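Reader: I've got the model open and would like to go through the labels people put on it. Could you tell me what stands behind each one?

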Amino acid sequence: MELIFIEKEEARKVLRTHRDSGMDFLRDLIGMDWGDEGLGVIYILENSTTHATMHLAVRTTDRNKPAIYTVCDMWSIAELYEREVYDFYGIRFIGHPDMRRLFLRNDWEGYPLRKDYDASEAINPIRLTNEPPEDVQRSYEIEEDKEFAAIAKRENFMHVDEYVINIGPQHPATHGVLRFRLALAGEEIRKIDIHCGYIHRGIEKLCESKTYPQLLAFTDRLDYLSAHQNRHALCMCIENALGLEIAPRVQYIRTIMDELQRIDSHLLMLSCAAMDLGALTAFIYGFRDREKVLDIFEEVTGGRLIQNYNIIGGVQADITTGWEAKVKDYCTYQLHKIKEFEDLFVNSIITKNRMKGVGVLTREEAISYGATGCTGRAAGWACDVRKRHPYALYGQVDFKEVLYTNGDSYDRVLMRLDEIKQSVHIIRQLIDNIPAGDFKQKTKPIIKLPEGRFSAAVEGSRGEFGVFIESHGDKSPYRVKFRPMGLPLVACMHKILKGCKIADLITIGATLDYVIPDIDR
Amino acid sequence: MEMKKPIIKSIPYEEFKDNETLEALIKELNKERTNVVVGALDDLINWGRSNSLWSLTFATSCCGIEFMSVGAARYDFARFGFEVTRNSPRQADLIMVAGTITHKMAPVLKRLYDQMAEPKYVVAVGGCAISGGPFKGSYHVVNGVDKILPVDVYIPGCPPRPEAIMYGMMQLQRKVKIEKFFGDKNRHQNPREVRREPIIVTNAPVEGCEKTDK
Ligand code: SF4
């Protein structure tokens, strides 16, 4: 992967020209600590029509008061990405309207992803006191005759006369530990403030001290409903870097597993969305079908939810005899059962009333927020990685990238049903033709990646999941970054929720279908 | 009057892996004999309590999904009286800590625990809640929920299978069954009082669980 460094002062101009020439999708924004060469940021841009990608980087050598210009007016998602970089590296983004920490407590000492971070318990003990509320937005400007940015503006996020309520972090409808602060006018949502980090496990930092095979275990636990796909992405990234050729049998198994995982995830999403509307029966139905997928997984991988199946150069275990027949039976069963979902849930008048026209995200907004997956495709943005940058066997199988145009909650639900059908279609093409051969290949006992930067992306269950590795030739990576599928989805809630009723927050959240450990990493 | 063995109909007493801890507990309780009437009432109340353990939904990550599976049709923990999950700590008997606890979450968890009414129990589900699991050594992960809460039952696994979760819940039932309710559990406890030894669930007997499945 080629990285072009641009001058800090020039950065905004260069980025804007690229943006205006069609690079409208900011795939990822990666904070970096290059030691003596300074701190910096890598931008991965993509053209949403031609799918050309580009990697740019900016750096600053000042370690005490590092500052870089913001790009959040060009790509909306940069607002949260930059807050993340500020949180982990302490880089201030000049012109960013709201420089607060995103994941860590606001009384946290130090910037954990810097190489010189001191992780001792004495500095950051487990605090059982409540987090001091920080309601002040700060923006930084460069003042004349000063090199570093100083606080230019402080502004209270919520005003005294606003009616503020707090949802989460322990709230069943946020699907995990996400926290919202909402300012309401009657039932209408005026402002929304998102607090992440309640399940921030510091995976990226942990990765820097582990060997490559040890990294694999973390990906399953990021978004546990895309366990196979996540791990596929990391394996692919490492294999590409090593130049390993993957046997066709492995590619077949991986593709089938990825699609089964997608079905599993979509079933869970449908059941939970129904449960959030109060339809508990649909939850039971969804889990009934999901158990069947889990049985198929368990037979081969030994795991139900977290399977630890892909390894570098292959898969952990071969498929068992008779497994194909079970998968085929399941495909027939699932297609039949989808009818039930359609009749009982999707076509019900209650669902339609609650979801049609609610929570609309337009195509342009989806691109600007980088909201990939079913959310993006429900808004009409063809953002499927399987089509954009085909990997494994997706270039060879026949399937349709389903697109809707309304971008509302209802379309996001319909997307799921259609994707299940497409997944079944993919599996059916592959299952009878699995070639014979090895299911894994011998790799060196100690895996060292060549020096360089590598990236890979797959279509996870709820969007693009990307892996970025910078290697300095050691047995552990210098920097690993996972592109979360969920962070863009949460970011676009800002846009979607304004003016919605508070009761719709729950359905919109359910249809966006984010998984919090994937957001927080 | 003597405390009885903690019996669960669906799994014979011998099939539980950890009977010693409970027996030691019984011995300790039996040191000072119980009044016949109060003891009989205790039995009755504990029978009721142990068969209607309501848990607070507190799932932070992966283990929570397995907890949801236990609630769904195949595993169906309604058979044991656990099916009512509460979203408010005021109405819950126990807190299932299913998932990683981070530094930012720790005060929230502590507050939820403090808000629960006595008698209350803590079940640590999965490697993360027990020791930090795969994330031990991270700067933002609490290495085990027992650093901040007293734990009654540990259920290892990453994630534990639904059978193991049910087995762990049954262990908790047995623990509840032998407690003294009057004069002990019905009183507010001093939080600094030393809690009794936790039960550690080691590999759940799969045959035992299958029996209950039918
Ligand atoms: S123990 Fe394993 S499955 Fe459970 S929360 Fe931790 S990482 Fe996830």
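**Strands, a helix and a contact**

Author: Let's start in chain B, where V125(B) stands opposite I155(B) in β5(B). Bear in mind that this is a predicted model.

Reader: How do you know that β4(B) and β5(B) pair?

Author: Pairing takes at least two bridges between the strands. β4(B) and β5(B), which is residues 153–155 of chain B, have three bridges, in the parallel sense. So the label holds, as the cut-off is at least two bridges.

Reader: And what lies on the path from β4(B) to β5(B)?

Author: The chain goes through helix α5 (residues 126–131) of chain B, and this β-α-β crossover is right-handed.

Reader: Which other strand pairs with β4(B)?

Author: That's β3 (residues 94–98) of chain B, parallel to β4(B) over five bridges. Here A98(B) is the residue opposite V125(B). The crossover from β3(B) to β4(B) runs through helix α4 (residues 106–115) of chain B and is right-handed.

Reader: What makes β4(B) "mostly covered"?

Author: A residue is called buried under 20% relative accessible area. In β4(B), residues 121–125, five of five residues are buried. Y121(B), V123(B) and V125(B) point one way, V122(B) and A124(B) the other way, and all are buried. That two-way pattern has a general background: side chains in a regular strand alternate between the two faces of the sheet.

Reader: Over to chain A. How do you know that both faces of β3(A) are covered?

Author: By checking each side. L39(A), V41(A), Y43(A) and L45(A) are on one side, G40(A), I42(A), I44(A) and E46(A) on the other, and all are buried. That's eight of eight residues.

Reader: What makes β2(A) and β3(A) a pair?

Author: Eight antiparallel bridges link β2(A), residues 25–33, with β3(A), so the cut-off of at least two is met. One of the partnerships is M32(A) with G40(A). The two strands form a hairpin with five residues between them, and G35(A) in the turn has a positive phi of about 65°.

Reader: How many bridges join β3(A) and β4(A)?

Author: Eight, again in the antiparallel sense, with E46(A) opposite T53(A). Their hairpin has six residues between the strands, and H51(A) has a positive phi near 65°.

Reader: Why do you say that the buried residues of α1(A) line one face?

Author: The buried residues of this helix, residues 11–20 of chain A, are A11(A), L15(A) and H18(A). Looking down the axis, they fall within an arc of 60°, so they line one face of the helix. As a rule, an α-helix has 3.6 residues a turn, so residues three or four places apart point the same way. The cover over the buried residues of α1(A) includes β1 (4–6), β3 (39–46) and β4 (53–60) of chain A. On the face turned away sit the exposed K13(A), T17(A) and D20(A).

Reader: What makes R161(B) and E298(A) a salt bridge?

Author: The cut-off is a nitrogen–oxygen distance within 4 Å. The closest N and O atoms of R161(B) and E298(A) are 2.8 Å apart, so the pair qualifies as a salt bridge. Chains B and A have four salt bridges between them.

Reader: And how much area do the two chains bury?

Author: About 3,800 Å², 67% of it on carbon and sulfur atoms. K104(B), F135(B) and Y139(B) supply 22% of the area that chain B buries against chain A, more than any other three residues. The contact takes 42 residues from chain B and 49 residues from chain A.

Methods
Residues are numbered from 1 along each chain as its sequence is written. Chains are lettered from A and ligands numbered from 1 in the order in which they are written. This is a predicted model: local features need pLDDT of at least 70, side-chain atom pairs count only at pLDDT 80 or more; totals for chains, interfaces and linings use all residues. Side-chain values use heavy atoms; hydrogens and water are left out. Buried means under 20% relative accessible area, exposed over 50%, partly exposed in between (1.4 Å probe, protein chains only). Helices (H or I, at least four residues) and strands (E, at least two) are DSSP runs, numbered from the N terminus. The arc is that of the directions from the helix axis to the C-beta atoms. Contact means heavy atoms within 4.5 Å. A crossover is right-handed if, with the strands pointing away from the viewer, the path from the first strand over the helix to the second runs clockwise. Buried area is the accessible area (1.4 Å probe) that two parts lose on being put together, summed over both. A salt bridge is a side-chain nitrogen of Lys or Arg within 4 Å of a carboxyl oxygen of Asp or Glu.
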